[in-house]
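Dear colleague,

Please find below the structure that I agreed to pass on to you. I should be grateful if you would look through it alongside my notes.

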Amino acid sequence: MPSPDLREQLELIRAIQPAVHAPQNWNYENTGPMYKAYMHPPHDVGGQFDVPIYYEEKEEEQWELNTYVSCEVLGWRGVWTAEERRRRADNDLGYTLYLGMPYYARWIWAAAKMLVDKKHISLAELQEKIAEVKSRYEKK
Amino acid sequence: MKKNKASDKTGALFKVGDKVRVRDMPYMFYTRSQMYTRGVVGTIAALTYKDLIAEEEAFNFDGRVEQYYIVRFRQKDLWPGYPFDNDTLQTECPHRWLEPATN
């Protein structure tokens, strides 16, 4: 039977696509200013317009601390540097994830991607492991 | 390099006519498995070839090969509200993304 989530997923994916959205792949020319805007790294936010943000005093959650420690340990072991972590977690992931994911989710996303890119783990292995852990929690 | 345990358990191959369900595994970084088939039951129409696991080859990871299949789905099973009973769609699925189905 059709997945009940499929329609919702397709709607969400449509919603997070960029507002400026060339139909198909037919935009063979970009103006200079538009090209510069596309090339702009997502984390360089200084001067951009935004709504006022509510300032909240909040302790880190356990998964955030675990993420922080995991990423630091990967640094101590020479698997990556802090600059590579920033490059991946603040830049390479792109606007949609940069603007949509929690701060430490970007860190763990970048760590996982780095471990796959550098062949410390295979993506197939990671997919299987996540599926296995997920099913273990669902059974509880 | 760490040995990849995940794809060691390749299991017995499916046969033409077997009912299979496309597994709902996590989407991240890369896959050729299509979202609209997730969780849907289809029928093995053909065994095509064995080839590298796409999620490993894409990262130049020295992976193993797996069997690929052509799986036939009823359009009514794929798309909510699809109006025609007899229409089918065939697409390619790798072994790891399939599990046996009974219905």
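The notes below take up confidence, then chain A, then the contact between the chains.

This is a predicted model, in which local features need pLDDT of at least 70 and side-chain atom pairs count only at pLDDT 80 or more, while totals for chains, interfaces and linings use all residues. Residues are numbered from 1 along each chain as its sequence is written, and chains are lettered from A and ligands numbered from 1 in the order in which they are written.

The predictor gives the complex an ipTM of 0.80 and a pTM of 0.84. For chain B, the average pLDDT (the predictor's confidence in each residue, from 0 to 100) is 88, and 88% of the residues score at least 70. Over residues 1-9 of chain B, however, pLDDT stays under 50. Where pLDDT is low, the predicted coordinates should not be read in detail.

Chain A has 7 helices and 0 strands (DSSP runs: helices are H or I, at least four residues; strands are E, at least two). Its C-alpha trace spans about 50 × 45 × 40 Å along the principal axes. Of the 140 residues in chain A, 12% are buried (20 or more other C-beta atoms within 10 Å of the residue's own, with C-beta atoms placed from the backbone).

Between the chains, 26 residues of chain B are in contact with 21 residues of chain A (C-beta atoms, placed from the backbone, within 7 Å). On chain B, helix 1 (54-57) and helix 2 (75-78) each supply at least two residues of the side that touches chain A.

With kind regards

Terms used: Two residues are in contact if their C-beta atoms, placed from the backbone, lie within 7 Å.
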